[in-house]
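Hi everyone, thanks for coming along. I'd like to take you through one model this morning, so have a look at it first and then we'll walk around it together.

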Amino acid sequence: MKSLVMQGNGCTAFDDNGEILYRIDNYDNKHSSEVYLMDLQGKLLFTLCEMKMCVFPSGKGYKSSGVNNNKPWFQVRKSCRSIFGKKGFSYKVTMRSDSSCYRLESLSGKSSEFRVTDSNGGVVAEAKRKQSSSGVVLGDDVFTLVVEPHVDHSFIMALVTIYGLIRHQI
């Protein structure tokens, strides 16, 4: 969760070859309520907002810079089963454009590892702590993210970013 911008707070996503795919910055102080997901060239893909006025953490994602003009492209809200004592966490992701929904769920009760499932329960992405080739587990802000090929990778990165906002990592 390190920013490439000198005075920014955010993180960077790399591919298997170490090339930058996405960057996330807020150009403000750590744990801002609004961050920006950009591609390598700096093109804005999503504006992501944490909703701090809610009792339970939630977030909204806007395509490009549509915060002022559009309805959110997706919303993330804490699931009722997560609120009422189920171990770990679960967030429901609802899409504006259609009736599909996704779920963000912890793996084995670990808050740093999670998966994204579609409305049929199929896993579309999974984030786990990265291990070196010798088996050393890296810091809790270094992940391996596996995303299914048929899924919009920028959307999955937007969900990972919202999760980082909710956990106060960005």
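Let me begin at a small spot: helix 2 is followed by histidine 168, whose phi is positive, near 60°. When I say helix or strand, I mean a DSSP run, H or I of at least four residues for helices and E of at least two for strands, numbered from the N terminus.

Now, some ground rules. This is a predicted model, so local features need pLDDT of at least 70 and side-chain atom pairs count only at pLDDT 80 or more, while totals for chains, interfaces and linings use all residues. Residues are numbered from 1 along each chain as its sequence is written, and side-chain values use heavy atoms, with hydrogens and water left out.

How confident is the predictor? pLDDT is its confidence in each residue, from 0 to 100. The protein chain averages 81, and 78% of the residues score at least 70. Among the elements, helix 1 (residues 80-83) has the lowest mean pLDDT, 54, and strand 10 (residues 123-129) has the highest, 92.

Here is the overall layout. The protein chain has two helices and 11 strands, and from the N terminus on, the order reads β-β-β-β-β-β-α-β-β-β-β-β-α.

Let's start with the early strands. Strands pair, in my usage, if DSSP finds at least two bridges between them. Strand 1 (residues 10-14) and strand 2 (residues 20-25) run antiparallel, joined by five bridges. The two form a hairpin with five residues between them, and glycine 18 in the turn has a positive phi of about 85°. Strand 2 also pairs with strand 3 (residues 34-39), again in the antiparallel sense, over four bridges. Aspartate 25 is a nice residue to follow across: it is the bridge partner of glycine 10, and its own bridge partner in strand 3 is tyrosine 36.

Stay in strand 3 for a moment, where leucine 37 lies. Is leucine 37 buried or exposed? At 0% relative accessibility, leucine 37 counts as buried; the cut-offs are under 20% relative accessible area for buried, over 50% for exposed and partly exposed in between, with a 1.4 Å probe and protein chains only. Contact here means heavy atoms within 4.5 Å. Leaving aside neighbours within four places in sequence, leucine 37 is in contact with residues including Ile24, Phe46, Leu48, Met157 and Ala158.

That brings us to the interior. The largest nonpolar core has 35 residues, and those with the most contacts inside it are Leu37, Leu48, Phe74, Phe155 and Ile156. By nonpolar core I mean a set of buried Ala, Val, Leu, Ile, Met, Phe, Trp, Tyr and Cys residues joined through side-chain atoms within 4.5 Å.

Which element gives the most to this core? Helix 2 does, with 10 residues. Helix 2 (residues 153-166) has 14 residues and reaches 20 Å from its first C-alpha to its last, close to the 20 Å expected at 1.5 Å a residue; that expected span is 1.5 Å times one less than the number of residues. Of the 14 residues of helix 2, 13 are buried, so the helix is largely enclosed by the rest of the structure.

My favourite part is the aromatics. Rings of Phe, Tyr and Trp (its six-membered ring) pair if their centres lie within 6.5 Å, and planes under 30 degrees apart count as stacked, over 60 as edge-to-face and the rest as tilted. A search of the whole structure finds eight aromatic pairs. In one of them, phenylalanine 46 and phenylalanine 74 have ring centres 6.0 Å apart and planes at 65°, so the pair is edge-to-face. Phenylalanine 46 lies in strand 4 (residues 44-51) and phenylalanine 74 in strand 6 (residues 74-78), so the pair ties together parts that are 28 residues apart in sequence. Phenylalanine 74 also forms an edge-to-face pair with phenylalanine 155, at 5.4 Å centre to centre and 85° between the planes. Since phenylalanine 155 is in helix 2, this pair ties together parts that are 81 residues apart in sequence. Both phenylalanine 74 and phenylalanine 155 are buried. Ring pairs link Phe46, Trp73, Phe74, Tyr102 and Phe155 into a cluster.

Finally, phenylalanine 74 has a backbone link too: its bridge partner in strand 7 is methionine 95. Thanks, and I'm happy to go back to any of these spots.

Note on methods:
pLDDT = per-residue confidence, 0-100.
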